[in-house]
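Please open the structure in your viewer and keep the selection panel at hand. The tour begins with the whole protein and then moves to a single residue.

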Amino acid sequence: MSQDKAAGILAAIGGSDNIIEIEPCITRLRCELSNADLVDETALRKIGVHGVLRSGDAVQIVVGPDADNIASDIEDLR
């Protein structure tokens, strides 16, 4: 299940080429992106993401307690 969510999140944040760095914390994915304007918040919410916080090209995606597994799956997909 987390692989489907990871693939959806990866697509919704602009794909592998848009990611500079992604790190999980307890409930969030902390993403440094090349272009934060490519983030599709509507698509993220349809996937089941709880929230999106932006600060410049840094985007935090609130995914809940499965953040470590989702981040690992995103790294596998890159």
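How much area does the protein expose, and what share of it do carbon and sulfur atoms supply? With the surface switched on, you are looking at about 4,300 Å² of exposed area, 47% of it supplied by carbon and sulfur atoms, where areas come from the Shrake-Rupley method with a 1.4 Å probe. This is a predicted model, in which local features need pLDDT of at least 70 and side-chain atom pairs count only at pLDDT 80 or more, while totals for chains, interfaces and linings use all residues. Residues are numbered from 1 along each chain as its sequence is written, and side-chain values use heavy atoms, with hydrogens and water left out.

Next, switch to a cartoon view and follow the chain from the N terminus, where the elements run α-β-β-α-β-β-α, giving 3 helices and 4 strands; these are DSSP runs, with helices (H or I) of at least four residues and strands (E) of at least two. Showing the C-alpha atoms alone, you will see them fill a box of roughly 25 × 25 × 20 Å along the principal axes.

Now select D73, which lies in helix α3 (residues 67-77). Leaving aside residues up to four places away in sequence, D73 touches S2, Q3 and A6, a contact being heavy atoms within 4.5 Å. D73 is buried and yet has no salt bridge, where buried means under 20% relative accessible area with a 1.4 Å probe, counting protein chains only, and a salt bridge needs a side-chain nitrogen of Lys or Arg within 4 Å of a carboxyl oxygen of Asp or Glu. Finally, add K5 to the selection: this is the nearest side chain of opposite charge to D73, and it is 10 Å away, with Lys and Arg counted as positive, Asp and Glu as negative, and His and the chain ends not counted.

Key. Buried means under 20% relative accessible area, exposed over 50%, partly exposed in between (1.4 Å probe, protein chains only).
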